[in-house]
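Dear colleague,

I am handing over the structure we spoke about, and my notes on it follow directly below. Please read them with the coordinates open beside you.

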Amino acid sequence: MDPNFVQGLHNLLVQTTSNDTALLKAATAQLNQDYYKNPACIPALASIITSSPDQAIRQLAAVELRKRVAYNSGSLWTLISQNEREQIKNKFPEYLLAEPSNLVRHSAARVVAAIAAIEVPMGTWPQLLPFLQQTCTSSVASHREVGIFMLYTALENIVEGFQDQLSSLFQLFSQTLADPESLEVRITTVRAMGVIAQFIDADEKAYLAQFQSLLPGMIQVVGQCVETGNEAGARNLFDVLETLLILEVPLLSKIIPDLVQFLLQCGGNRAYDSELRILALNALNWTVQYKKSKLQSLGLAPSILEHLMPLTTEDEPEDVDEDAPSRSALRIIDGLATNLPPMQVFPALRNLIVQYFSSQDPAQRRGAMLALGIAVEGCSEFMTPLMGEVWPVIEAGLQDSDASVRKATCTAVSCFCEWLEDECVSKHAVLIPAIMNLINDTATQRSACTALDALLEILADVIDQYLQLIMERLSGLLESAPNPVKSVVTGAIGSAAHASKEKFIPYFDPTMRSLEHFLILTGEGEEIELRGITMDAVGTFAEAVGKDHFRPYFPTMMKQAFEGIEMGSARLRECSFLFFGVMARVFGDEFAGYLPQVVPPLLASCTQDEGVEEVSTSDPSSAFNSGLSASNAITVSDEVDANGMPTEELEEVDLDKLLDVNSAIAVEKEIAADTIGMLFNATQAHFLPYVEQCTLELAKLLAHYYEGIRKSALDSLLEIVRTFYDLSDHQDWEAGATVTVPLAQTVKELIDHVLPALLEMYETEDNKSVVSALCVHLAETINKIGPAFVENRLDPICAIAIQILEQKAFCQQDPDQDEEEEAPEAQAEYDSVLVSSAGDLVAALANALGGDFAPAFSRFFPLIAKYYKKSRSLSDRSSAIGCLAEIIAGMKNAVTPSTEPLLELFYQALSDSEAEVLSNAAFAVGLLTEYSEVDLSPQYLHLLGALRPLFVVPPDSPPSKLNAKDNAAGAVARLIVRNTAAVPLDQVLPVFVEALPLKNDYLENRPVFRAIFHLVQTNGAVLGPFMDQLLPVFAVVLDPNGPDQVGEDIRAELIQLIGILNAQDSAKIQAAGLSAFV
């Protein structure tokens, strides 16, 4: 080795630590040009590391040596002589044991790992593992620390090379996990275990058992970090824990109860540092997400809730983005509610809420209210029949003596409005006055405005009586309130416009004048947020008042939206994109002129880099759910920069800021992707020049790590397919497995590009809501385009539905559940939504294939029927019967062979306790009677008896009961048409006619009027006694000021019937207000 080369390299490294920028640049350039391309730099750097007295230079040399060894897969390393390589391999690990600086030791250990990555797979460094094992068991603690760190970094690089040594490594870990002196040894051991865990397969039972035997020790080490306040170590170990939770191999399944108990103890101990408690609670949140079947089978939810509720009473930080144990606890309650069957969560939570809400301590009452609000998303269906007990708690909370409880109740009301819409609308007379009172109080003003916003969004039918009062109060706040309150007030005014539609017109111009100065705000934070919310509200106004009233503002507002795009704010770009979508819907063709300015920024958004390369694409929840990253989500190493300064340690990197930026851009992309499909649908042929490029970019987003983007991309892609089909010169399709009405070639090519990409995406899609959206949008597209859409791809599309119904889709897989084991019947409400979506897809396939669906039906029938059991949830039971009804409507006569088992199932459903199920069951038996070639007239009396209770409905009943009555009327009508003689008309007609006009389900007017026309033609006299009741019904369904209730064909036939009746008795026709139709 040339001493001058070594000295020159040393001098330049010293120069790079200079504060003089010119010197630094010159040194860096010379190093890159004259030294780092020469293989001799490797032994030279090794020499400097082992001999330089300057720690900063040793550290810098170690970092550079690792880079040179790893460069181009080890090409420089292999160019140095065999003798030099052997010398470094023999001496360098030994040197590490004597290095006094921990930072240098760590960087030098990574050099050993880089060399190992090249040498071990080739079998040319057999001495390494024995050396590491010997060092890890040295009697000197610092040696053990170096040894285990070298082993850890080596495993990170080449675990495959050590796989035949796993048993001896596990044996070693059992010692190092219990190192008597060094916590660092114990921590690094756990990190090494996290690396090895990723390479153990489920069928390697011996390794699995050995690893699991180490887990109690591992948890002890995590506890030691928390107890001693070692935040850096704790972060690393919680990352390992999260990695183990995510892995498909069920490594943790046997210790889940102990793990849960440990995490609750750490998270609940107020003596520990808040950050460490949050880490423990976030790990518990991941446990709920990824080990839900274990939690469910062990019934752990009540115990977890009992430990979490005290945490909800702790103080919350003012900053909404700042985490705290109380917020982590509420996140876990949300996770339990959305991931587990409501029966396991809500009864226990309800008892705790009652207990806490009756406390004298306002913090307990506040915690109870926040827990109630957060749980409703996952338990809304389960809670609905219990709302009689819940509303008194809400009403008391709105009147509570403590402002924090009143604010928490407003938050709960906002959640209820989203998930229990009908229940909240029914309580408007209590909620609106109470919330308006809280708006008058500055302590609760902002929370109350947020609750009012959520409530107004759903109050379309009753807003008239409140609109003036609300607008007067909110308009006043626009002048006087601080910016954060102005933001929620503006949002609430937008919701008032949404609910009141054209009734908002008198308030429109004055409100626009009040808001216009918000649209030119440019300050970061609150000002940008207010500007964005105002843009959203103005878009809502446009939809409410219509294009003629909005047109004077249209050009100015488009200008503001374009300016928003240029301001460098992801939030304002998102708001501009939403605004473009709304304007396109409102103005249609008139918007087309803006497309050349609108589409490029949308595409630029879809293709932009999120700016955080290190955020992993493997699991978005690290960035979007828990506030924590998975172990590999963010790469931060203990290395130095070009100036020789140590790079930031993990705890110094502002992860929150990193992820906030990342998530803001991801949400912007989600909106951009969604807007593209909306624009095509609204502007139709004007958008055609952009279709190809948009399709290509959206298809790329199907693999994005953020589920919101994947969902928007698939939605827009299928919207593009449907709109493109609408614009093609197509004829109505005919049902059948063989395509008789071919698609235009361009439509076929578009489908051939989009559909394979969607089917490929499904195979690895792990998010249930994305798969649910895929099923729903595929169903919509199949119903529009028909059998040509599924041509040559019927099997993979059927497979999607089969896998979901069997609960074996990728997104439903649970590593803790045996493949052969039947999935539990009790499931989370979100799981029921997925199953229902699969039912929509099956019904669409039946609609497209018609009678040719019969062979597939024999496969699907038992899969769907199993969801109708009394033990299943309302959603499961209802969607199973509804799906079978839709399938019958598609298959028509081909359903005949299955008539008997279907009828037996529908009889069970007609005795269900829930109106929603009864409604679908009535619809289903009507269709079965209509289409089956089996003569069901011997069953008529039994069927009519089962349908009779559905007609007994007071006028103020909930919509589900009114719907059931309408569907029962439709079913009776189908019985009459199929075999009038089998129906005891003298008993049936009084009840049937009394049920008219239909109130909710106007589609059932078609069978109802077909039955009336049939009776007029075949047995006219039988309707005579009922004609005075029927004429007002005719007037209602023909009313030109109301919605279309009957469709063109029935309308024409009904007008013809009125003409005949007029000839018989014109006075009665005139009295019924039907003269205009004669």
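In which loop is the place of Q684? Before the reply, please keep in mind that this is a predicted model. Q684 sits in the loop that runs between α35 (655-683) and α36 (691-701), and its phi is near 55°, a positive value in a residue other than glycine. With a relative accessible area of 27%, Q684 is partly exposed, because partly exposed covers what lies between the buried class, under 20%, and the exposed class, over 50%.

Another residue with a backbone angle of this kind is Q807, whose phi is near 60°, again a positive value in a residue other than glycine. Q807 belongs to the loop between α41 (794-805) and α42 (829-849), and its relative accessibility is 14%, so Q807 counts as buried.

A further point on the backbone concerns the peptide bond that joins L996 and P997, which is cis, with omega at about 0°. P997 is placed in the loop between α49 (985-994) and α50 (1005-1019).

As for annotation, UniProt, in an unreviewed entry, places the feature "repeat: HEAT" at residues 390-428. In the model, the chain over residues 390-428 is 85% helix and 0% strand, while the C-alpha atoms at the two ends are 15 Å apart. Helix α22 covers residues 403-419 and includes W419. W419 also takes part in a nonpolar patch on the surface, which it forms with Y830 and V833, and the accessible area of these residues together is about 240 Å². Taken by itself, W419 has a relative accessibility of 30% and therefore counts as partly exposed.

Turning to charged side chains, a search of the whole structure finds 46 salt bridges. Side chains of opposite charge can pair when their charged atoms come close. I describe some of these pairs below.

Within a single helix, K67 forms a salt bridge with E64, and the closest N and O atoms of that pair are 3.8 Å apart. Both K67 and E64 lie in helix α4 (residues 55-70), where they are 3 residues apart, or about one turn of the helix. Are the two partners of this bridge buried or partly exposed? K67, at 35% relative accessibility, counts as partly exposed, whereas E64 is buried, with a relative accessible area of 8%.

Other bridges link parts of the chain that are distant in sequence. R571 forms a salt bridge with E529, with the closest N and O atoms 3.0 Å apart; this pair links distant parts of the chain, since R571 is in helix α32 (residues 570-587) and E529 is in helix α29 (residues 526-545), 42 residues apart. E529 is partly exposed, its relative accessible area being 31%.

The side chains of K784 and D726 also meet in a salt bridge, at 3.0 Å from N to O. Here too distant parts of the chain are linked, with K784 in helix α39 (residues 768-785) and D726 in helix α37 (residues 707-727), 58 residues apart. K784 is partly exposed, with a relative accessible area of 31%, and D726, at 35% relative accessibility, likewise counts as partly exposed.

Finally, salt bridges also occur as a network, which links R85, E86, K89 and E119.

With best wishes

Note on methods. Residues numbered from 1 in each chain as written. Predicted model: local features only at pLDDT ≥ 70, side-chain atom pairs only at ≥ 80, totals over all residues. Heavy atoms only, no water. UniProt positions renumbered as here; feature names shortened; annotations may be inferred. Helix = DSSP H or I, 4+ residues; strand = E, 2+ residues; numbered from the N terminus. Patch = residues over 30% accessible without salt bridge, like charges linked within 9 Å, V, L, I, M, F, W, Y side chains within 5 Å. Areas by Shrake-Rupley, 256 points an atom, 1.4 Å probe, with all protein chains shown as cover. Salt bridge = Lys/Arg side-chain N within 4 Å of Asp/Glu carboxyl O. Buried < 20%, exposed > 50% of the residue type's maximum accessible area, 1.4 Å probe, protein only.
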